[in-house]
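User: Please take me through the reasoning behind the labels used for this structure, setting each value against its cut-off.

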Amino acid sequence: MTDHVTVIPPTGVVPARFRPPTGSSDARTASLDGPWRFRLHPTARTGADPKDPGDDWDTIAVPGHWQLAQAPDAWPYGTPAYSNKLFPFPIDPPFVPDDNPTGEYRRIVELPEDWPTGGRTYLRFEGVDSWFEVAVNGTVVATSHGSRLPTEIDLTDVLQPGQNLLAVRVTQWSAFSYVEDQDQWWLSGIFRSVTLEHRPDAGLGHVGITADYHHTTGTGTIRVDVEDAAPGTRVTVAELGLDLAPGETATAAVDPWSAERPRLYEVVVQAPGERVVLQAGFRTVAIVDGVFLVNGAPVKLRGVNRHEFDPLRGRSVGAELMEQDVLLMKRHHINAVRTSHYPPHPHFLDLCDRHGLYVIDENDLETHGFEQEDGRWPGNPVDDPAWEDVLVDRVTRMVRRDAHHPSIILWSLGNEAGGGCNIAAMSAAVRALDPTRPIHYEGDWSSDHVDVYSRMYATSEHTELIGRGVDPALARPEADARRRLMPFLQCEYAHAMGNGPGGLSDYDDLFDRYPRLMGGFIWEWIDHGLSRRDAEGREFAAYGGDFGELFHDGTFVADGLVLPDRTPSPSLLEVAAVFAPVRLDVVDGGDALLVRNRYAFRDTAHLTFEWTLSHGSSVLATGTLDLGVLAPGASVRVTPPADLPLPPADHTPTFWTLRAVQHAADALDASWFAGGPWVVATGQLAVVPAVALADVAAGGARQEADGSYVVGPARFDEVGNLVTLHGRRVAELRVDAWRAPTDNDRRSGMWVGPSDEAVWKERGLHLLAERKISAALDADGALVVEARTAGPRTRNGFRTTYVWSSGADGSVDLRVRIVPDGRWTGSIARLGLLLTLDEAAASDVAVSWLGLGPDESYADSAKAAVGGAWSHTVRDLQTRYTHPQENGARRGVTHAALDFADGSTLTLDAGPTVYGGVPRAGVELSLRPWSDRALDLAAHPHELTPDGRLYVHVDAAQHGLGSAACGPGVLPNAVLNPAPAELTLRLTSRGL
Ligand code: IPT
């Protein structure tokens, strides 16, 4: 007897076969999706009789996870649970706890009246998590596992005429949970579709397509193999005039397939009993001299790792969301997907073929939890011969299901599963099934069984060494020599958790510079925040612990480029700018833009290069540049036209902005183009830089009889605290050097040393308070306030001199110099002023600014930001990260106007700003209707409520973001080390 802890491949099943696109075969199918009878039992020994039709049981929707059956409102069948790599049960393979929620499913199956006679009838499961047993009319016919892999069972001999009772028992935990330890929610059940499939006599069993492209001749070679082909089976490619026998090879002039130009040819495979229409793409993947080539051209993978995720339905993802993912990726210049860490729903691969994405298809295998015991992976199934058949079966089912997809360019044996004998076995199996694609597996550190050298989260320093070919040698010289001839891939990098990643463009520059570097895959596409409601009925995105799990990994499941509802987070906009296939980068010290065509196959004929000359919110001139047509890899330097109508230099910078715009789409672009035209790339030069604020005032301050001070519209108490500004109460004005830690701030870069947050807390930055040392009028009549700002337990602090004078038009000018005081080591989060104003409707305050925008940017995540005139409300300046943290900074701000509900306006003009002796363009501005402390303490964005104040951060500089949540921290080019800062601000009010 086999059960859920017997380590053998599925029983009673037929061999996996290719999965053509839905509807592409004329063989009959019948969907079994819809309501099924369901009952959840606490253990695998349910005692339920497979003959019991469950007429009085609940009903549940198939496909779906039982934990999410009534999400977001109710959780009648247990709750989701999140753990990353640690097993939520004892490591005791192949055993699992007796507490093992087990679903009993029932459905009456009746073949439609017009179901063909003859042939066979298969029952197909596209995905069931984790182990299941299938009984028909009371008799067990099959057991299976491999949650993200298909299972087919031949029911021909067990189906009776009329009604049949299908009984499926699904356990949450099984021996196979040990090899499905991916970093995601534990979710169970029949979560992909179930179908009945007629397999006609003389039909098509398994079909394989080999379609190569020869870039030197412009021809393609196609061969379609049909397993056990029935006599008379033919293969036609009408467009190419081909009519072939199975296994016959033909060569013709073709357009190749690539992610840039996803050209597909219809291939009709006609057997006497079945006709299938497939989409073939001609393309050749090769590794030559350590360089990864598609169709003979070096290709850089600008990729993302994608888990399947729907905030309501978990991994039960519908076709619409799959397509939304693909289109969002295309529109943000992502050209590759790693299907982390299991084969996706097959329809996703059809979409990648059609819209054009390179795919690493990954086996359903991860045994990460074995690593934690001393890092040596004791008992790892990957190194246990007893598991060989199971693991080879898995990888075989993936390759046989998916090999006809041109989008797949690499097979991956799995993720984080350590090393061992079964890696070699799986690799050999894949090579035997498909010799045309290279093999990937990051866990094979010496690259013995793979074709590309892969790492995750390698630093940019290490990546550069690999690019240059001078990375540390392997102990075995022959393995080292072999690996040095492999291209290098970062299968995961730039961890997108919360606000981040920073440093993406540093990696991208390296990928461009070194031919050996074939690019990488950002971790990861989407935050897996599951929708649920709080006690007041407010829906929010839940992460680990939000379902009361006693063992969980908290926020680590929310680490995507898009929020759970697929709202792009600012990082996706940064990705679009960094990954842009045409880049317009500032060169020659800011005098020119370098236009680089980074397409591998496409020239720039589909783009127009449009420029705008702007001064603040006014557009002075526009035009189009004729750059000719740039071939793939070509570049050209451009400068603004000589006859630009430049305005006189003033406090507002004048920008010449060049955009590469795609206005129209041909047939190969049309699918993702909807909503166009699309700006493919933006570059910008400050043709007339902003000059410093004119005439910073001196003097004009006075002391009142009660000892308080007045400087134009600003009133101070006798020790120099600002108490009102233009009649508005000021709760506080002080120096600030802290921020609500990001997920990256909270962790140690490369898992070593203290986190930035720990360093900042050690220095007391989270509890800064300001002591006024003195307030006095100086010889010019300005109010000079000396202050020291510091946190508890430390001698470190900041010495600040504020110089207040009343300016023209009722404004007040402030010059500030902040000097770190003490023995500082390590970074600080920011350095600047925090102005807290009383404002009941702070969220509604409208902000318009001149500076970088429209979205947030940070020192190491600023490629998407463009200088210009922008506006938002304070509400919309916030980014609602699934886990609240620092967000919303706008850099390079020279001017901002705040419009309050009472009709009054406060404007702020900035400059010059100096940090560490280096001048900076403008200030960094952040506004919030709540404090940074509240932001830090909130677990979810809906918990944040305006507190009646407007918090205005005006910073000389802020620390970068980095990727320390998993990987390197902030790189030296974006670390904020304590240094003297100078700010000059003019505050003006109108309407009071
Ligand atoms: C890496 C995993 O492969 C991935 O699934 C995910 O968990 C990621 O980390 C973090 O979000 S493994 C890590 C130990 C480098």
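Ligand contacts and cysteines

Analyst: In this predicted model, an N or O atom in the side chain of E492 is 2.7 Å from an oxygen atom of the ligand. Local features need pLDDT of at least 70 and side-chain atom pairs count only at pLDDT 80 or more, while totals for chains, interfaces and linings use all residues. Side-chain values use heavy atoms, with hydrogens and water left out, and residues are numbered from 1 along each chain as its sequence is written.

User: What makes the pair between E492 and the ligand a polar contact?

Analyst: A polar contact is a pair of N or O atoms within 3.5 Å, and the 2.7 Å between E492 and the ligand oxygen meets that limit. The side chain of H341 also has an N or O atom 2.7 Å from a ligand oxygen, and for a polar side-chain atom of H495 the separation is 2.8 Å. Taken alone the ligand exposes 390 Å², of which the protein buries 92%.

User: Why is C352 not counted in a disulfide?

Analyst: A disulfide is a pair of cysteine sulfur atoms within 2.5 Å; the closest cysteine sulfur to that of C352 is in C491, 18 Å away, and therefore too far for a bond. The sulfur of C491 is likewise too far for a bond, because its closest cysteine sulfur, in C966, is 11 Å away. The structure holds 0 disulfides.

User: How do you know whether C352 is buried or exposed?

Analyst: Buried means under 20% relative accessible area, exposed over 50%, and partly exposed in between (1.4 Å probe, protein chains only), so C352, at 0%, counts as buried. C491 is also at 0% relative accessibility and therefore counts as buried.

Note on methods
Polar contact = N/O pair within 3.5 Å; in protein donor to acceptor, adjacent residues only side chain to side chain. Areas by Shrake-Rupley, 256 points an atom, 1.4 Å probe, with all protein chains shown as cover.
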